[in-house]
Amino acid sequence: MKLEVKNVSKTYKGHVAVHPFTLMVDEGACTGLIGPNGAGKSTLMRLMTGMEEPEIGEILLNDKPISSMKKEIGYLPQYPAFYEWMTAREYLSFMGRLSGIAPFDLEHDTRELLSKVGLSNRSNDRIATFSGGMKQRLGIAQALLHKPSLVIMDEPVSALDPVGRREVLSILEEIKNQTTLIISTHILSDAEEICQRFVMMREGKKVEDAMLQDLLDRYSHPIIRLDAASIDRGWVDHVARLSFVDSVNVTGRSMSILLEDPVRDKGRLLQEALDHSVDIRKFELGRDSLEEIFIRMVTKP
């Protein structure tokens with residue numbers, strides 16, 4: 001089903017959380033909604049689910065007001081709440097009855113979904129005994145229980161450890177081919193795996209809306225990636241002051257360095273590293289990632 005967000009806005013106690021915002025999502029698409037904390041992603045998602053009403057504008061699903069189409073929407077909040085004294089099977093059965101699913105269909109669908117999210121062998125265990133990743137998988141099962149045409153997930157992997165993230169990403173990779181999917185996240189390396197399109201927000205406004213490859217083609221620059229045994233703060237400051245260096249980004253023991261002219265200046269940068277006795281593990285010319293593009297766009301004045 002096609003989702004249309006038409007010039008919606010939302011304000012809380014005088015603070016504009018979402019400025020007039022327009023978005024169209026076609027049926028079958030997988031869209032990543034990205035932005036720093038406080039960008040308005042969660043507010044926009046609550047508007048798209050019909051949980052909150054915008055001050056202005058309208059949201060349509062298949063040309064009908066979102067308020068009349070809630071049964072077609074599955075929603076996973078950032079922090080899903082469970083009745084932890086229930087078992088996984090009991091919880092899905094309870095939520096299915098609230099959604100009006102027929103008993104025979106509900107029993108079949110519960111069993112099928114628990115298998116899909118890898119919880120069949122824990123279906124009769126209390127939710128209180130589940131790990132974070134298992135609870136997130138159960139939340140996904142609940143969002144899919146009534147076979148929605150549109151599934152909206154708010155930060156589905158951000159609170160998980162690497163194993164839990166990989167489990168959930170595998171499920172999302174499968175279900176994105178079965179429904180229209182919108183995911184908010186700030187873990188962009190994960191989002192790149194499953195989303196074809198990205199909508200970028202900052203301070204409640206849309207600052208970019210493009211397919212992944214188009215974003216990379218338009219904004220990605222040649223950069224030097226330098227990995228070292230250790231990264232000294234003084235060395236980073238020195239590199240940032242070099243006349244031929246435009247910007248420096250440091251993650252752990254890895255540096256991404258944007259040069260004025262990479263072909264001309266990469267040798268000069270390498271010599272600077274050698275002169276400062278940097279224990280280089282990797283030095284290569286590449287292109288910056290979606291995460292690096294994102295950081296530039298949301299931090300620029």
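Colleague: Let's start with L172. Leaving aside its neighbours within four places in sequence, which residues is L172 in contact with?
Modeller: Keep in mind that we are looking at a predicted model. L172 is one of the residues that touch the most other members of the largest nonpolar core. Once neighbours within four places in sequence are left aside, the contacts of L172 are I140, M153, P156, L181, I183 and I194.

Colleague: How many residues are in that largest nonpolar core?
Modeller: Y91, L138, I140, M153, L172, I175 and F198 are the members that touch the most others there. The core draws at least three residues from each of domain 1 (2-217) and domain 2 (220-299). A second, separate core includes V5, V8, V18 and M201 and has 25 residues. The largest core, the one you asked about, has 50 residues.

Colleague: M153 belongs to β7, I think. How many of the residues of β7 are buried?
Modeller: Let's look at both sides of the strand. L150, I152 and D154 point one way from β7, and all are buried. V151 and M153 point the other way, and they are buried too. So β7 is mostly covered, and the number of buried residues, counted against its five, is five.

Colleague: Which residue in β8 is the bridge partner of I152?
Modeller: In general, strands of a sheet pair through backbone hydrogen bonds, either parallel or antiparallel. Strand β6 (residues 73-76) runs parallel to β7 and is joined to it by four bridges, with G74 opposite V151. With strand β8 (residues 180-185), β7 pairs in the parallel sense over five bridges. There, the partner of I152 is I182.

Colleague: Just after β7 comes E155. Is E155 buried or exposed?
Modeller: E155 sits in the loop between β7 (150-154) and α5 (162-175). Its phi is positive, about 50°, although E155 is not a glycine. The relative accessible area of E155 is 4%, and the cut-off for a buried residue is under 20%, so E155 is buried.

Colleague: And E203, is it buried or exposed?
Modeller: E203 also has a positive phi, near 55°, in a residue other than glycine. Its place is the loop between β9 (197-202) and β10 (205-211). The relative accessible area of E203 is 59%, and exposed means over 50%, so E203 is exposed.

Colleague: Now the open sheet of four strands. Which are its edge strands?
Modeller: The order in this sheet is β12-β13-β11-β14, with antiparallel pairing. The twist averages 20° from one strand to the next. An edge strand pairs on one side only, and that description fits β12 (245-251) and β14 (280-287).

Colleague: Which residue in β13 stands opposite R225?
Modeller: Strand β11 (residues 222-228) pairs with strand β13 (residues 254-259) in the antiparallel sense. Four bridges hold that pairing in the list. The residue of β13 opposite R225 is S256.

Colleague: Which helix packs on this sheet?
Modeller: The helix touches β11, β13 and β14. Its direction makes about 165° with that of β14. It covers residues 262-275, and its name is α9.

Colleague: V248 is in strand β12. Is V248 buried, partly exposed or exposed?
Modeller: Leaving aside neighbours within four places in sequence, V248 is in contact with V236, V239, A240, M255, S256 and I257. V248 and D237 are 11 residues apart in sequence and 9.0 Å apart in space, C-alpha to C-alpha. The relative accessible area of V248 is 26%, which lies between the 20% and 50% cut-offs, so V248 is partly exposed.

Colleague: Let's step back to the domains. How far apart are the C-alpha centres of domain 1 and domain 2?
Modeller: The domain assignment gives domain 1 (2-217) and domain 2 (220-299). The contact between them takes 14 residues from domain 1 and 10 residues from domain 2. The distance from one C-alpha centre to the other is 37 Å.

Colleague: Last one: what percentage of the residues in the protein are buried?
Modeller: The protein has 10 helices and 14 strands, and its C-alpha atoms fill a box of roughly 75 × 45 × 35 Å along the principal axes. Its accessible surface comes to about 14800 Å², with 50% belonging to carbon and sulfur atoms. Of the 301 residues, the buried share is 48%.

Conventions
Residues are numbered from 1 along each chain as its sequence is written. This is a predicted model: local features need pLDDT of at least 70, side-chain atom pairs count only at pLDDT 80 or more; totals for chains, interfaces and linings use all residues. Side-chain values use heavy atoms; hydrogens and water are left out. Two strands pair if DSSP finds at least two bridges between them. Helices (H or I, at least four residues) and strands (E, at least two) are DSSP runs, numbered from the N terminus. Axes are lines fitted to C-alpha atoms, for helices over the stretch in contact, and angles run from 0 to 180 degrees between N-to-C directions. Contact means heavy atoms within 4.5 Å. A nonpolar core is a set of buried Ala, Val, Leu, Ile, Met, Phe, Trp, Tyr and Cys residues joined through side-chain atoms within 4.5 Å. Buried means under 20% relative accessible area, exposed over 50%, partly exposed in between (1.4 Å probe, protein chains only). Domain bounds come from an automatic or database domain assignment. Accessible areas come from the Shrake-Rupley method with a 1.4 Å probe; for residues, only the protein chains shown count as cover.
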